[in-house]
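Please follow this walk through the structure from one pair of strands outward, keeping the coordinates open alongside the text.

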Amino acid sequence: MRRMLFKARFLGLVLLALLAGVWPTAALAATAPGLGSASNFAVLSAAPGGGGAVTCTNGTITGDVGSSGLAPSVVQTGCIINGAIIAPVSAGVVADFNTAYAANAAIPCGTTLTGTLASVTLSPGVYCFDAAATLTGTLTLNGPSSGVWIFKIGTVGTGALTGTNFSVVMAGGGVPCNVNWWVAQAATMTDSSFVGTILAGAAITLTRGTFAGNVLAKAAVTITGTSLVGCAAAGGKGHGKEKEHCNQGVGNGPEGCDPGNSNQGNPFRSNDELGGVPGNPGRKGGNK
C-alpha cells in the first residue's frame, strides 16, 4: 500500500511539473565548455591565417580586445577601450577559441526553438534553432546563479543570428556570463540589449544598444555605438578558467595572465606578450 501511495504521489509530481513546463533536474543539466585563454577577451577576432580585424566606432568596450591580425587590424574611431589591446594574439588563444567553438557545436540539443522568442521565458538548458534565428522583443532567462543557458543557432549546418530591438533579461539570480550563444554563421545585433557570450563561425556586427558578455568570432568584429562589458570585467563568471593575476610591475607573463590596465599609457607597466620587458613596455600609449 505504501509503495502504491508513493508511486501515485511521484506520478502526480511529474504531471504537475509537465503542466508547469518545468523539470528542474533536466533544466540544470547544461554545462558550457570552458573558453581557456580566449575567456580573457571581451572582443576577439580569431580569424585564421592572421586575418583577424576589430573595428570599433563611437562605442565603449570594457575588457580586453584581441585580434589574430597585426596591430593595425584593431581600429578605434571615437571608441573607448577600457582594457588591453592585443594584436596579434597568440596561437594558443586562437586554438582555445576553436576548441570551445567545436565543443559547443557538439552539445546535444535539449529543446528546438522557433519564432522570435518575444515574451518567452526559459529555464536553464540547451536550446537550438535548426537554421537561422531572427529575434525581437524580450526574452527572459529565469534561473539560479548556477544555471547555464546554451543557445545553438544553425544546428543543421547553416544559420545566422539576427536581433533587432531584442532584449535579454535575467531573472531569479541568473548570471549573464552563464549564457552562451553558438552560431554557425554570422551574428548581427541592432538596437538590442543583449546578454551572453557569442561564439560565431563568421563575422559579428553590433550596432548601438548594449551588450553584456564576450564577442568571439572566426572572422571580423564590427562595433558601432554599442556599450559592451565583457565577462572578465563583470566578474568573469561562467567560463571555466579565469584570468591569472600577475605582478604588473614586472610585466604580465603568459598570454593567459590578466593584463589589467598595463598598457594604458603607464610607462612603468608592460605587456610581455607584446614584446615588452620590465621597465620597457612593448606597447606604449594605451588607448588612442
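In this predicted model, a convenient place to begin is Lys 152, whose bridge partner in E14 is Trp 182. That pairing belongs to a longer register, for E12 and strand E14, which spans residues 179-183, run parallel and are joined by five bridges. Strands of a sheet pair through backbone hydrogen bonds, and they may do so in either a parallel or an antiparallel manner.

Stepping back from this pair, one finds that E12 and E14 are members of an open sheet of nine strands, ordered E7-E4-E1-E20-E17-E14-E12-E10-E8, in which the pairing is parallel. The sheet ends at strand E7 (85-86) and strand E8 (111-112), the edge strands, each of which pairs on one side only. Helix H3, comprising residues 91-105, packs on this sheet and touches E1, E12, E14, strand E17 (197-200) and strand E20 (215-217), with its direction making about 95° with that of E17.

From the helix, the eye can pass to a loop residue that contacts part of the same stretch of chain. Ser 37 is located in the loop between helix H2 (24-27) and strand E1 (41-45), and, with a relative accessibility of 6%, it counts as buried because that value falls under 20%. Once its neighbours within four places in sequence are set aside, Ser 37 is in contact with Gly 92, Val 93 and Asp 96. With Asp 96 the relation is also a polar one, the two side chains making a polar contact at 2.7 Å.

A second loop residue brings the reader back to the strand with which the walk began. Gly 147 lies in the loop that connects strand E11 (133-142) with strand E12 (149-153), and at 1% relative accessibility it too counts as buried. Gly 147 and Gly 172 are separated by 25 residues in sequence, while their C-alpha atoms are 9.7 Å apart in space.

Which residue forms a salt bridge with Asp 191? The partner is Arg 208, and the closest N and O atoms of the pair are 2.5 Å apart. Asp 191 sits in the loop between strand E15 (187-190) and strand E16 (193-195), whereas Arg 208 sits in the loop between strand E18 (204-207) and strand E19 (210-212), so the pair ties together parts that are 17 residues apart in sequence. Both ends are partly exposed, Asp 191 having a relative accessible area of 32% and Arg 208 a relative accessibility of 43%. By the rule applied here, the count for the model comes to one salt bridge.

How values were computed:
Residues are numbered from 1 along each chain as its sequence is written. This is a predicted model: local features need pLDDT of at least 70, side-chain atom pairs count only at pLDDT 80 or more; totals for chains, interfaces and linings use all residues. Side-chain values use heavy atoms; hydrogens and water are left out. A salt bridge is a side-chain nitrogen of Lys or Arg within 4 Å of a carboxyl oxygen of Asp or Glu. Helices (H or I, at least four residues) and strands (E, at least two) are DSSP runs, numbered from the N terminus. Buried means under 20% relative accessible area, exposed over 50%, partly exposed in between (1.4 Å probe, protein chains only). A polar contact is a pair of N or O atoms within 3.5 Å; within protein, one must be able to donate a hydrogen and the other to accept it, and residues adjacent in sequence count only if both atoms are side-chain atoms. Contact means heavy atoms within 4.5 Å. Two strands pair if DSSP finds at least two bridges between them. Axes are lines fitted to C-alpha atoms, for helices over the stretch in contact, and angles run from 0 to 180 degrees between N-to-C directions.
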